[in-house]
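Let's take a friendly walk through this structure, one region at a time. Keep the sequence at hand as we go.

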Amino acid sequence: MKRLRLLCALIGFTSLPAAADMASLSKEAFVSNLISQMTLEEKIGQLRLITIDEKMTPEKIREEIAAGRIGGTYGSVSRFVNRPMQDASQQSRLKIPMFFGWDVIHGHRTIFPIGLALASSWDIGAIELSGRIAAKEASADGIDLTFAPMIDIARDPRWGRTSEGFGEDTYLVSRIAKAMVQAYQGTSPNAPDSIMASAKHFALYGAVEGGRDYNSVDMGLARMHQDYLPPYRSAIEGGAGAMMVALNSINGVPATSNAWLMQDLLRKAWGFKGLVISDHNGINDLVQHGVAKNHREAARLAIKAGVDMSMNDFSYGPELQGLLESGAISQSNIDNAVREVLGAKYDMGLFEDPYRRIGIASEDPADNNAEHRLHRAQAREVARKTLVLLKNENGLLPLKKEGVIALIGPLAKSTVDIMGSWSASGVAEQSVTIYDGLKNAMTQGSLIYARGANLEEDQEVVKYLEYQGVSKIENDPRSAAEMIDEAVKAAQQADVVIAVVGEPRSMSHEAASRTSLDLPGRQSELITALKATGKPLVLVLMNGRPLSIGKEHKQADAILETWYSGSEGGNAVADVLFGDYNPSGKLPITFPRSVGQIPNYYSHLNTGRPYIAGALRNYTSQYFDQSHGPLYPFGYGLSYTNFSLTDMALSSTTLSKTDNLVASVLVKNTGQRDGETVVQLYIRDVVGSVSRPVKELKNFQKIMLKAGEEKAVHFSINENDLKFFNTQLEYAAEPGEFRVQIGLDSQDVKEQSFELLSEQGSG
Ligand code: NOJ
């Protein structure tokens, strides 16, 4: 402390030191020094993250910033808008820079496929590329931080935000969480072309009861640690500078007021050193949660629990001073939070140069959405990898680029839906629709289009979804019968029918939970009518969650899941439909047969009475009124070529705690085309002190094989792969039998067993 005072006296600053002086101070010394000069009002100001909207005029916001009453904004996305705000911060007494945050979830100006689609690529390099480009584009627009990645495990597709995350599996989501954080932050969050990652939503938001958004979460600690928490931890290991707090409660305590979550777990057990940001209005929501009487109490609970910064602040600003004066909170509660905000700004390089990402006015782009600012080639490359071929009867796909194609469906020409929800600063006019993509690719032949159906018939639903402000749902005023009739006529003239069906993007969004997973509107009827024409039928799905499409699965000859594939989606889809790219995507989430099967995830427990295929056995765990198991399992996806797997070889049938063993298979491309596939490694712990899942993904490799080529794939397994949280929350592997499974999806696998030896050398 004495040294620090001496240092400050030597430097003698009353506002920020010059960049040259900064270099001589450690981050901690710099931040402490600054805090020691701040008034209470300035400190509270730093804890406020303000939404830029119509209520906050530019003049008003600049005034507030210059007075030191705002720490950062959310929602301003260009250099010329952010520059005057940063100027205002530089006129404030201590010249503490602002940071500018934005939801850059799957691209910024160039829109990449949604999270669920990115996960379908199982291609960490491609996923990283999407994140890196998003960071480059966002930072070039003066953005310093993104509220991403969204890494909530989602096992209930009724939840509209399933689209934003990376699916149901702990291992896959954890791998992607780390990769995304590192992609956003690049070499360092301080680099001019990096943005800081604020991973979200901490914690367990994907497990809201019934898939109803914002609902409660009730979960045992072992399951939390085993299945739901690892992705957040992985984001921290990846260096995430910030974490956003979830809106749900956890076992009765809202995440926003949950000291166990933010202090015991996040800070103490995991050693997180970054910034904790509330979700939008999350602090005031504590009143509705019923844990705070009023906003003052809400602010007290949040700051004491460990929320550093208040997003869309209407609580810290008005309440913290009063709370401090009344003794309800301490000075250190405030100072600790301020320390994290300033620390994050330091890490973003903003003290060195507040204009690091805003640049100089003369270099501002004349048009933020200018074509040359986009990364179309990369978006197309990534999007192709995210498409999942679910069915391809008699090799209907790929199609020839000739003849007559009838393109039917309300999503085929949608520029807005193909971007998916949370499409950052993308503009719909720059999306390549599926219609455009096919047209671009077809050198001969013709494309006839008919809308076929509206996406939603119920105007109350349309009103609700549009109220969310995501986008308008286009409505064709013709009757359903008229539209279907037109589509059937188009189909009758064609050699093949492509029906682009699914959900408008506003259905796969925040506050967009569904009770049904059916195709909305009259799309199902449309498909039945198209099927009746007898023409070969390709379904192209555009949706942000698994849908229950058992009937459509039977009707269609081929099905391609395209999710929301982004700015270059149409071209990428055409690449696959015409065979310029051989599909290689695999599902990161189970497709249930019906909504009644939910939750339906592959890594379930065996139960005491597991279902037995083919046996007419009563008293086993199943629904008697529907076929057992999913429509499409986790990890599933076809290719235009075929792959075979030899039986698995294990390097040993025993494993000691300090050793490793290798599981190997030979994968052969037995078809006529080159292609990629994902070789997946699953492990089952047969007997444990608690019931263990029937299988858990532990590793995977995406490999390319030329037609006829064969490759050996090896997976190394050690004790760490076998660990789990027992009832005492100890993370340990238990000796005994383990089954290793390798397959190209989670169900069709080769299996071998080995024994994990105890210390003494026997099971
Ligand atoms: C609320 C959402 O839950 C969160 O994910 C998002 O970052 C904020 N709104 C800001 O858009």
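Is F634 buried or exposed? F634 is buried, because its relative accessible area is 0%, and buried means under 20%. Please keep in mind that this is a predicted model, and that the values below are computed from it.

What does F634 meet there? A pair of aromatic rings is described by the distance of the centres and the angle of the planes. For W122 and F634, the ring centres are 5.5 Å apart and the planes stand at 55°, so this pair is tilted. The two partners come from distant parts of the chain, 512 residues apart: W122 sits in the loop between helix 7 (115-121) and helix 8 (124-139), while F634 sits in the loop between helix 23 (569-577) and strand 17 (643-645). W122 is buried as well, with a relative accessible area of 1%. Both residues belong to one aromatic cluster, formed by W122, Y171, Y602, F634, Y682 and F700.

One member of that cluster, Y682, leads us to a sheet. In strand 26, Q741 is the bridge partner of Y682. Strand 21 (residues 675-685) and strand 26 (residues 736-743) run antiparallel and are joined by six bridges. Both strands are part of an open sheet of five strands, with mixed pairing and the order 19-27-26-21-22. At its edges are strand 19 (654-655) and strand 22 (696-705), each of which pairs on one side only. In a regular strand the side chains alternate between the two faces of the sheet.

Back to the aromatic rings: the model holds 18 aromatic pairs. Another of them is F30 with Y346, whose ring centres lie 5.5 Å apart with the planes at 50°, so this pair is tilted too. Here the link runs from helix 3 (residues 27-37), which holds F30, to helix 16 (residues 331-347), which holds Y346, across 316 residues of sequence. F30 and Y346 are both buried.

Rings also meet charges. The charged end of R155 sits over the ring of Y601, 4.5 Å from the ring centre. Likewise, K413 lies over the face of Y435, at 4.4 Å from the centre of that ring.

Next, the internal spaces. How many cavities of 30 Å³ or more are there? The count comes to four, and the largest has about 40 Å³ of space. Its lining consists of I105, G115, L118, A148, P149, M150, E164, F166, M180 and Y184. Helix 7, which we passed on the way to W122, and helix 9 (170-185) each supply at least two of the lining residues. By character, the lining divides into eight nonpolar residues, one polar and one charged.

Strand 12 (residues 404-408) gives another view of the interior. This strand is mostly covered, with four of its five residues buried. Strand 12 and strand 13 (residues 446-450) run parallel and are joined by five bridges. Within this pairing, I408 stands opposite A450 in strand 13.

Let's finish at the surface. T515 is exposed, because its relative accessible area is 72%, and exposed means over 50%. T515 lies in the loop between strand 14 (496-502) and helix 21 (523-532). From C-alpha to C-alpha, T515 and R212 are 8.8 Å apart in space, although 303 residues separate them in sequence.

Note on methods
Residues numbered from 1 in each chain as written. Predicted model: local features only at pLDDT ≥ 70, side-chain atom pairs only at ≥ 80, totals over all residues. Heavy atoms only, no water. Phe/Tyr/Trp six-rings, centres within 6.5 Å; stacked < 30°, edge-to-face > 60°. Buried < 20%, exposed > 50% of the residue type's maximum accessible area, 1.4 Å probe, protein only. Lys NZ or Arg CZ within 6 Å of the ring centre and 35° of its normal. 1 Å grid on protein atoms, 1.4 Å probe; cavity = no way out; pocket = protein on both sides within 12 Å on 5 of 7 lines; lining within 4 Å. Points joined across faces, edges and corners; volume = space filled by probe spheres on them. Nonpolar A, V, L, I, M, F, W, Y, C, P; charged D, E, K, R; others polar. Pairing = 2+ DSSP bridges.
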